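User: I should like to learn how to read the interior of a protein model. Please take the features in turn, giving the general idea and then the case at hand.

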Amino acid sequence: MSKAALTQNVIPNANVLRRSARIGAEIEGIKLSGDLPDQTIAAINDLLLKHKVIFFRDQAHLDDAEQERFAIRFGKLVPHPTIGAIKGTASILEVDSAKSRVDLWHSDGTFVDAYPKITVLRAVVVPPFGGDTVWSNTAAAYLGLPQPLRRLADELWSIHTNDYGVRPGEKGYDGVFTNTIYETEHPVVRVHPETGERTLVLGYYVQRFVGIPKYDGQKLFDLFQSYVTALENTVRWNWKAGDVALWDNRATQHYAVNDYGDLRRVVHRATIDGDLPISVDGRSSVTRVKTIKQPLAKIT
C-alpha cells in the first residue's frame, strides 16, 4: 500500500467504530464542515482508504452549500455527466425516490472514463422504515477470487454504458439521464492510485466484455459479480435524517434497498472528480462512444 494509506492521522475527540471486518466504519464525535483542519481531512481520507465507506451521524447542520464546502476538501467537485447539478451548486444531485430508485449494484458513473473517486451522500428525507444502502468492498472481492479467476479478471476489459433502457416502473429523470450516451472501455481490474490495491470494476453499467460473446460474457459477469455481492464483503447502513456517508467509489459498489413502499426517500449527492482507471498492465480506460441526443438539462 502507498504511503498515503499508511499514515496515522488522528481526529481529535473522535471514535472509530468498525461496522464489519472488511468494509465500513462509523466516525463519532466530529461535526463536518468545510472549515475542518487539514490534519482532520487527511485523517478522514486515511479512514476512507482503509474502510472504503465511512459514516457520520447527526450532521443535520449541513445544507447543500456546506456539504459541497466539505466535499471539495477531497478534490474537484463534478456534476453528474448527463443530469447535471441542482441549480446554484457545483455537483449536488438530488436522488428522490419519487423519480428514481437505484436498487441495483453499481459504482457511480462508470459509464464515463474518469468516473468519480469519492461520493459524499447526505440523507434529507428518510422513511420510517426501510431505505437502507448496502456497500461492497471490491478489493476484498478481488482477493476472494481463486488464483485462476484473478488471472482471467486481470486480462479482461468491459464496456460500460448509461444506455441500458428503462427498467419496469422506473420514471427516471424525464429522459435526461440518456441525453448523452456514453460507452466506455474499462479494465475489469483497476489498480487503486492511492493504495495500490486491485479492485473489480463491474456493476450494472457493464454491457459486455471485450472480445467475449454475449452469452459467455453474461456467465462471466454473474460469476465475478457474485464475489462483489458476497455478504462477507458488504456493510449495510440504516439511515437517519442528517446522516452522511463517504465512500471510495474506486473500491466499492453500492445498492439502495427498495423496501419502503410508497414512502419518500431523498438524498443529496456530491461527487469528487476521479482519475482514469489503470489496468494491471498499465493501460488506461477510454470512452469509445459519446453521442449527444439533445442539450444537457440542469435539474432545478
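User: What volume does the second largest cavity have, and which residues line it?

Analyst: In this predicted model, the second largest cavity has a volume of about 40 Å³. Its lining includes Ser-107, Thr-110, Tyr-115 and Thr-138, together with Leu-200, Val-201, Leu-202, Asn-249, Arg-250, Ala-251 and Thr-252. Sorted by class, this lining has five nonpolar, five polar and one charged residues.

User: How many cavities of 30 Å³ or more are found in the whole structure?

Analyst: The search returns two. The largest cavity holds about 60 Å³ of space. Among the residues lining the largest cavity are Val-95, Asp-96, Ser-97, Arg-101, Tyr-260 and Arg-265. The class count for the largest cavity is five nonpolar, two polar and three charged residues.

User: How should one read a nonpolar core, and which members of the largest one touch the most others?

Analyst: As a general idea, nonpolar side chains in soluble globular proteins tend to be buried together. Here the largest nonpolar core has 26 residues, and Leu-32, Ile-44, Ile-54, Phe-70 and Leu-246 touch the most other members. At least two residues of this core come from each of strand 2 (25-28), helix 2 (38-51), strand 3 (53-56), helix 3 (64-71), strand 5 (118-125), strand 13 (244-248) and strand 15 (266-272). Helix 2 supplies the largest share, five residues. A second, separate core has 16 residues, including Tyr-142, Leu-145, Leu-149 and Val-189.

User: Which residues does Ile-44 touch, if those up to four places away in sequence are not counted?

Analyst: Ile-44 touches Ile-11, Ile-30, Leu-32, Leu-36, Ile-54, Phe-56, Phe-70, Phe-74 and Leu-246.

User: How does one read the sides of a helix, and which residues of helix 5 are buried?

Analyst: The general idea is one of periodicity: an α-helix has 3.6 residues a turn, so residues three or four places apart point the same way. In helix 5 (residues 147-155), the buried residues are Leu-149, Arg-150, Ala-153 and Asp-154. These lie on the same side of helix 5 because they cover an arc of only 140 degrees around the axis. Pro-148 and Glu-155 are exposed on the face turned away from that buried side. The cover over the buried residues of helix 5 includes helix 4 (138-144), strand 9 (189-191), strand 10 (198-200) and helix 6 (214-228).

User: Is helix 3 mostly covered or mostly uncovered?

Analyst: Helix 3 is mostly covered, with six of its eight residues buried. The buried residues are Asp-64, Glu-66, Gln-67, Glu-68, Phe-70 and Ala-71. They pack against helix 2, strand 5, strand 13 and strand 15.

User: How is accessibility read for single residues: is Leu-49 buried or exposed?

Analyst: The cut-off needed here is that a residue is buried under 20% relative accessible area and exposed over 50%, with partly exposed in between. Leu-49, which is found in helix 2, has a relative accessible area of 1% and is therefore buried. Ala-114, in the loop between strand 4 (93-96) and strand 5, has 23% relative accessibility, so Ala-114 counts as partly exposed.

User: Which residues does Ala-114 touch, not counting those up to four places away in sequence?

Analyst: Ala-114 touches Asp-273, Gly-274, Asp-275 and Leu-276. As for separation, Ala-114 and Ala-90 are 24 residues apart in sequence and 17 Å apart in space, C-alpha to C-alpha.

Notes. Residues numbered from 1 in each chain as written. Predicted model: local features only at pLDDT ≥ 70, side-chain atom pairs only at ≥ 80, totals over all residues. Heavy atoms only, no water. Core = buried A, V, L, I, M, F, W, Y, C linked by side-chain atoms within 4.5 Å. Buried < 20%, exposed > 50% of the residue type's maximum accessible area, 1.4 Å probe, protein only. Helix = DSSP H or I, 4+ residues; strand = E, 2+ residues; numbered from the N terminus. Contact = heavy atoms within 4.5 Å. 1 Å grid on protein atoms, 1.4 Å probe; cavity = no way out; pocket = protein on both sides within 12 Å on 5 of 7 lines; lining within 4 Å. Points joined across faces, edges and corners; volume = space filled by probe spheres on them. Nonpolar A, V, L, I, M, F, W, Y, C, P; charged D, E, K, R; others polar. Arc of directions from axis to C-beta.
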